[in-house]
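Visitor: Got a minute to walk me through this one? I'd like to start with the strands and then see how the chains touch.

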Amino acid sequence: MRYVLHRILATLPVMAVVAVFVFSLLHLSPGDPAAIIAGEFASPAEIARVRVSLGLDQPLHTQFLVWVTRLAQGDFGTSIFSDIPVTRMILQRVEPTLSLTFLSMLITISVAVPLGAIAAWKANSIIDRLVMALAVFGFSFPVFVIGYLLMFPFAIWTDLLPVQGYVSLFEDPARWLRHLVLPSISVSLVFIALIARMTRASMLEVLSQDYVRTAHAKGLPDSKVLFKHALQNASVPIVTAIGIGVALVIGGVVVTETVFAIPGLGRLTVDSILRRDYPVIQAIVLVFSFAYVLINLLIDLSYKLLDPRIRY
Amino acid sequence: MTISSAGMQDAGPVAVETAEPVLRVRDLQTHFFTRDAVVRAVDGVSYEVARGETLGVVGESGCGKSISALSILRLIPSPPGRIVGGEIRFHDQNLLELPMSEMRALRGNRISMIFQDPMTSLNPVMTVGAQLGEALQLHQGLSRAEAEDQAAEMLKMVRISEPERRLREYPHQLSGGMRQRVMIAMALCCKPEVLIADEPTTALDVTVQAQILELINDLREKLGTAVVMITHDLGVVAETAQRVVVMYAGRKVEEALVEDLFDNALHPYTRGLMAAIPSHAPESGDGGRLAEIPGIVPSLGAAMTGCSFAPRCAHATEVCHNEYPPLEEARSRHTVACWHWREFAGDKARP
Amino acid sequence: MLLTREKDGALASRTVRDGRTGQFRAAAIRLARRNPVAASGVLLLTLVVLLAVFAPLAGTVDPDAISPIHRLRSPSLEHWFGTDSVGRDLYSRIVYGTRVSLLIGFSVAVLSTGIGFLIGLLAGFNRLADALLMRIMDGLMAVPPILLAIALMALSGASVGNVIMAITIAEVPRVTRLVRSVVLTLRDQPFVEAAHAAGTRGWRILFIHILPNTVAPLIVQATYVCASAMIIEAILSFLGAGAPPTVPSWGNIIAEGRTLFLVAPYIVIVPSLFLSVTVLAVNLLGDGMRDALDPRLANRM
């Protein structure tokens, strides 16, 4: 229990750094923050008004504290572009992004881990080389290339799947799935390459251990040896790689939402960048970073479950 | 410890003369095919073991004794290694011709193996109970609860205290001796007919070694298991085996009843091993210096003509370097592969 | 590293430099024979580099020449890869784009490796610096690299230099971690202790013992950074947050082709293929080097 607390506390400095970085985005960019927020056509009087009302005339550290306090209360400010509270904008768009992320991770884990395990088991065979080749290819194709490449045969030439767009899960699960198939596969490919490699490396090391030999000596079939005995021992590095790879997934989601016109947080990011809508940019970076930190925290805490030897 | 037949502990009653062998290894050849050379780890070895007896297989590291044992259960890692010749008869079946599914049915069930290092040989993320119960569930079709009860019984049989508690523990929570007991329990839980013990005490403290050996002896008597005891330690052989096979460079160089071997070793290598045992009473009057066998074990990849021990043998002659000596029966149940064994036999040789 | 006995019997250490490069060359030749895949990666990469260097001689025209009459032509004998929405010859743009992408890839690799090396070294040696620097690195790593690069670009405006800077900042934390972990592992090694006990001072230990051992994993990581940088640049341009639109980077060309995807798919497909092949080549090179230098690195990376 004490360890759990300790790990949670350890994430605070990290979030603090992110917060400082995000906060300074507005103040580091060229130009007067108040002018940027007030808009291109604002008069000097309006700019001054904006400056006061947003507290931009206060010293920096005060601004920072005010900003953090508002964050803690869930107030991410208001979009410069559309005047809607940022919190509301985010909530509106969180479902598609979550769906895409969740599906991608599901696909990745269920494909990459068995692939990597089998590649390790049949090390240096044709299957192994094939899996490794696929992994290298997976790393080399940018996400949007894969997205477009998939679009052609599955959506444009045939009518198997919709080309773009998104349907909510709560509205129509079947169509929700159909709209997400191609995007999730695009996002997963890079992640699968990474996790398959990591699984293979970790399993190779485990498979050379004595207890695997003992398992064989007991007469267990190969599948049991591989997935019951070996895999759990190999899991710590694999799970760690999954945690780190979440950053890749988030990047992939941002791009894929653009390619497939999915109205999620990724799309919002891109649009806000182009419009220099700072409050939104800040909020999204914070949300994604927080998600990343949270997932890695959970993974950290899961180590004990996976390997009882680990002592805190 | 001083080695002589008088000081040996009784390794247990057994009908030595007439027992029908349960396991017969005949002319086994296991080779490893690496990029640079073919390593002939086991190059024509034969031995057999009968019900209720312990056969000791003795030799230095690298002589092929462990590989011969792994070959019996066909656990040789197959990309580099392969069993290229011979047969292994278990009752009347040749194990080398069995399909893998039948081989797996035998493993852990009618032929079991225990390994040298119990810490690395037990799965660190599974509880003791789970690992023990696995073979029972697999081979005897027990349910999980039944397997757990049986597992507790097995732990009692190997003299582990508080068996119910141990079932829920992980290997790293046990001491070295306890872990080896768990391995023994795992190997014997289906009451196998053959137990192969590959250096079971090498990784343990000296005090624990004796306990483990005694445990194996007792269980052998109780269950009538045939035991193949692989070791580099002549002391272990003295304590547990009725018959001994000495291996060198992938071949058998001598085989005898254990008292006979210790009293009248005939092969220069065996004699060298005996002489190298440190003793408190320096019989040779040499000032207590350890006798050693000069030279090193030959690389098993190099092609060999002649006796593989010839380069290190003080008594080697021309024929020794040119032709490999065949196994001859020097006395009753005592075979040796040496051109000059008669010179060592003194007047006890057969006419 | 060798500990040798000098003439007077004292122990001294010497970096056998020639031995190392000689070893490297021999290993490379051996590897080419043993691992044709990695060798083909090197070959591919060489071709790409040659294309970039000799772009004007490769049958190209001015990549910026606008010619609205010839807009959106499909690939033909006159325009090998067709033309884009304002009539520029796509082939020429893509070939010149090779220069941009390679420039960005290499620059980021070199810069991030250099900076990461210095920071990682410092963190590995000084406990206080370690605590401070690694917190900052962790924070930077918590932001997904794409977002980080995007945010930095939003701050600084579109230019090739800014793209290089943004991606470098996104890649530095990973290199730092690597260097730091190597330094920490090495510091505890017996041979470092031995050198210390023999009276070698801190500086010498650093340069003669620790530094050479960081070179191998660093070089391998540099190749991965290069590949990653090229992809990130493409994504940045694709999203509109990359180099200015006049610069013929592959990402920009693809971005321009986005809206015309159904009409003129080749605008997206061809540069994508070029990009993928180049990144693939770099990845293969990295894998090959890793296998040649130390197969154990595979687990650490």
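Guide: Sure. One term up front: two strands pair if DSSP finds at least two bridges between them. Also, this is a predicted model.

Visitor: Okay, so what stands opposite B:Val57?

Guide: B:Ile230, which belongs to E8(B).

Visitor: And how many bridges join strand E3 of chain B to strand E8 of chain B?

Guide: There are 5, between residues 54–58 of E3(B) and residues 226–231 of E8(B). Those strands run parallel.

Visitor: What's the strand order in the open sheet of chain B?

Guide: The order is E6-E7-E8-E3-E9-E10-E12-E11, so 8 strands by the pairing rule, with mixed pairing. From one strand to the next, the twist averages 20 degrees.

Visitor: Which strands stand at the edges?

Guide: E6 (111–114) and E11 (328–331) of chain B. Each has a single partner strand, so one side of each has no neighbour in the sheet.

Visitor: Switching to contacts. How many residues does the contact take from chain C and from chain A?

Guide: 33 residues from chain C and 36 residues from chain A. On the chain C side, H10(C) gives the most, with 9 residues. By class, that side has 24 nonpolar, 6 polar and 3 charged residues.

Visitor: What about chain A with chain B?

Guide: That contact takes 17 residues from chain A and 22 residues from chain B. Helices H9 (210–217) and H10 (222–259) of chain A each supply at least two residues of the chain A side, and the largest share, 6 residues, comes from H9(A).

Visitor: And the classes on that side of chain A?

Guide: 5 nonpolar, 7 polar and 5 charged residues.

Methods:
Residues numbered from 1 in each chain as written. Chains lettered and ligands numbered in written order. Predicted model: local features only at pLDDT ≥ 70, side-chain atom pairs only at ≥ 80, totals over all residues. Contact = placed C-beta atoms within 7 Å. Helix = DSSP H or I, 4+ residues; strand = E, 2+ residues; numbered from the N terminus. Nonpolar A, V, L, I, M, F, W, Y, C, P; charged D, E, K, R; others polar. Axes fitted to C-alpha atoms, helices over the stretch in contact; angles between N-to-C directions.
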